[in-house]
Amino acid sequence: DAGVVIVGAGQAGLSAAAELRKRKYEGTITLIGDEPAPPYQRPPLSKGYLSREMPLDRLWLKPEGFYAQAGIALRTGTRIKAIDTSAKSVIADDGERIGYDHLVLATGGHARRLNLPGADLPGVHLLRNLAEADALSADLEGARRLAIVGAGYIGLEVAASARKRGIEVTVVEMAERPMARTASALLGGWFGAIHRGYGVDLRGSTPVKAILGETRAQGLKLDGEEIEADLVLIAAGLEIQTGLAEAAGLAVDDGILVDEQARTGDPHIYAVGDVARFPSARYGRTLRLESVQNAIDQAKIAAQSILGMNVSYDPVPWFWSDQYELKLQIAGLIEGADTMVRRGDPEEGRFALFHLKEGRLIACEAVNAAPEYMAAQRMIAAGATPDPARLRDLGVAMKDFLS
Ligand code: FAD
C-alpha cells in the first residue's frame, strides 16, 4: 500500500496527518515539506516570536517524538516538483518518486513580492516562514527605523512587535485605511488610531513608488516624499502555490478547486488550507480562507473523506490578531451586512461590532471581548436573529442570547 502522501508540512498538512492517525488509518502516511523545520505555527512569527516574548520551542506544532510515535514519515527539506497522476506518484526535486493511494496538497503560499524598483535589495524583507522571521528579527536588532508596506494583519502585527522592541515604525498602505480587505471601516479606522497612539507613522492612500538605496534598502520613495528606514518589510499578502496542481491538470482559479469533501477533480487528490478554494452553501459562493481555523478544519475533512466518512465542510470562519495588548477576534464574514450594532465602548478598549444581514447575525468583530465573540460564533452558526437593542445593551449577558 502506498498510503497517503501529503505535500506541504504546514498547519494543514500536519492536521491531515494527525487526523488520519487519530481516526485509526492504518496505511503509510508521508508528510513532505520543503522547509528545513518540522511543522510549526506561523501566527507567532509576526507576534510573540518577533517581539521575543515567545521562544522558538513554543512554535512547534508537535513535540519531537510525535512523528515516530504516530508512524508519520516526516520528510523535511524535500521539495516536490511534479505529480504524475496516472502513475499516482509525486516526484521530488532529486527525481525520487513517491507513490500514493491518496494525495493531499497543502502547499500554502509565499509572501507576495512587489514589482518595485529596489525590491531585491538586501534589507527588504518578506514574512511567511520561520527563516524569513529569523532574518527580519536579526535585521531589527540594532535598527532604529522600520518601514512596512501594507497595513493588513501581518503588517500591523509586525508594527506592534517592532514598537515593543523600541523601533520607530512607518506603515504605508495603498487603501484608505488599515485591514481594508477584511475588517469593517470602524474597526480598521480604530486600529489605525491605536497604532498612531503607539507612535506608528501610519499612512493610508499612499502608494509606494520604489525602495530607496544602492546596496541596501534605505527607505521608501513615495509620491513626492521619501521615508528613511534601516530596513523594509513588504507585507502585501499571499501568493498561493498552485503550480503543482495546475501542471497536473487540476482545476485552479485563485485556489485549487475542491468540493465539500476537499477533493479535487481527481478522486485521489485533495487540497486543503490556504491553497484550496471550496464551495460554501452558507455563503452561496466559493471561498478561499487564509486562517489557522480553515487549515485545521478543512484538513480534518480531507482526512475523514479519505477514510470514507460522509462529511462536508461549510464553516463559520474565524480568525484572530494580536496587536499590542489588544486581542481581535473575528467570527463570520462581514460581506453583505446591512446593519452594524456596537456593544461596549471603543474608548475603553473593549467592544464588539455585530454585523447583521436582514436581521440575521453574520459576523462579529470583538476587541478584548471574548464572551461576545464566543456567543457570536454559536449564534452565527445557528442563524440567530438577535434583537439589536438587546445586543447593544451591556445589561443583557451574552449567554442570554444562547438559550
Ligand atoms: P502553510 O502554512 O503555508 O504551509 C504550506 C507548506 O508547504 C509550507 O511549509 C511550504 O513551504 C510547503 N510547500 C509548498 N510547496 C511545496 C512543495 N512543492 N513541496 C514541498 N513543500 C511545499 N492565521 C490565523 O488564523 N490567525 C493569525 O493570527 C495568523 N497570523 C499569521 C501571521 C503570519 C506571520 C503568517 C505568515 C500567517 C498567519 N496566519 C494567521 C495564517 C495562517 O498561518 C495560515 O492560514 C496557515 O499557516 C495556512 O496553513 P497551510 O498549511 O495551508 O499553509
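Let me begin with the sheet in this predicted model, where five strands form an open sheet whose order is E3-E2-E1-E7-E19, and where the pairing is parallel. At the edges of this sheet sit strand E3, residues 72-75, and strand E19, residues 269-271, and each of these pairs on one side only. If you follow the sheet from one strand to the next, the twist averages 15 degrees. As a reminder for anyone new to this, strands of a sheet pair through backbone hydrogen bonds, and they do so either parallel or antiparallel.

Let us take one pair as an example. Strand E1, residues 4-7, and strand E2, residues 29-32, run parallel and are joined by four bridges; within this pair, Val4 has Ile29 as its bridge partner in E2. Helix H1 packs on the sheet, where it touches E1, E2, E3 and strand E7, residues 102-105, and the direction of H1 makes about 170 degrees with that of E2.

Now I turn to the ligand, and helix H1 appears here again. Helix H1, residues 11-22, supplies at least two residues of the shell around the ligand, and so do helix H7, residues 292-306, and strand E22, residues 318-323. Which residues come nearest to the ligand? Of the 37 residues around it, they are Gly8, Gly10, Ala12, Gly108 and Gly273. By character, the residues of the shell divide into 16 nonpolar, 14 polar and seven charged.

Finally, where does the ligand lie with respect to the two domains? Domain 1, made of 4-108 and 241-306, and domain 2, made of 113-234, both give residues to the shell, and therefore the ligand lies between them.

Terms used: Residues are numbered from 1 along each chain as its sequence is written. This is a predicted model: local features need pLDDT of at least 70, side-chain atom pairs count only at pLDDT 80 or more; totals for chains, interfaces and linings use all residues. A residue is near a molecule or strand if its C-beta atom, placed from the backbone, lies within 6 Å of it. Ala, Val, Leu, Ile, Met, Phe, Trp, Tyr, Cys and Pro count as nonpolar, Asp, Glu, Lys and Arg as charged, and the others, Gly among them, as polar. Domain bounds come from an automatic or database domain assignment. Two strands pair if DSSP finds at least two bridges between them. Axes are lines fitted to C-alpha atoms, for helices over the stretch in contact, and angles run from 0 to 180 degrees between N-to-C directions. Two residues are in contact if their C-beta atoms, placed from the backbone, lie within 7 Å.
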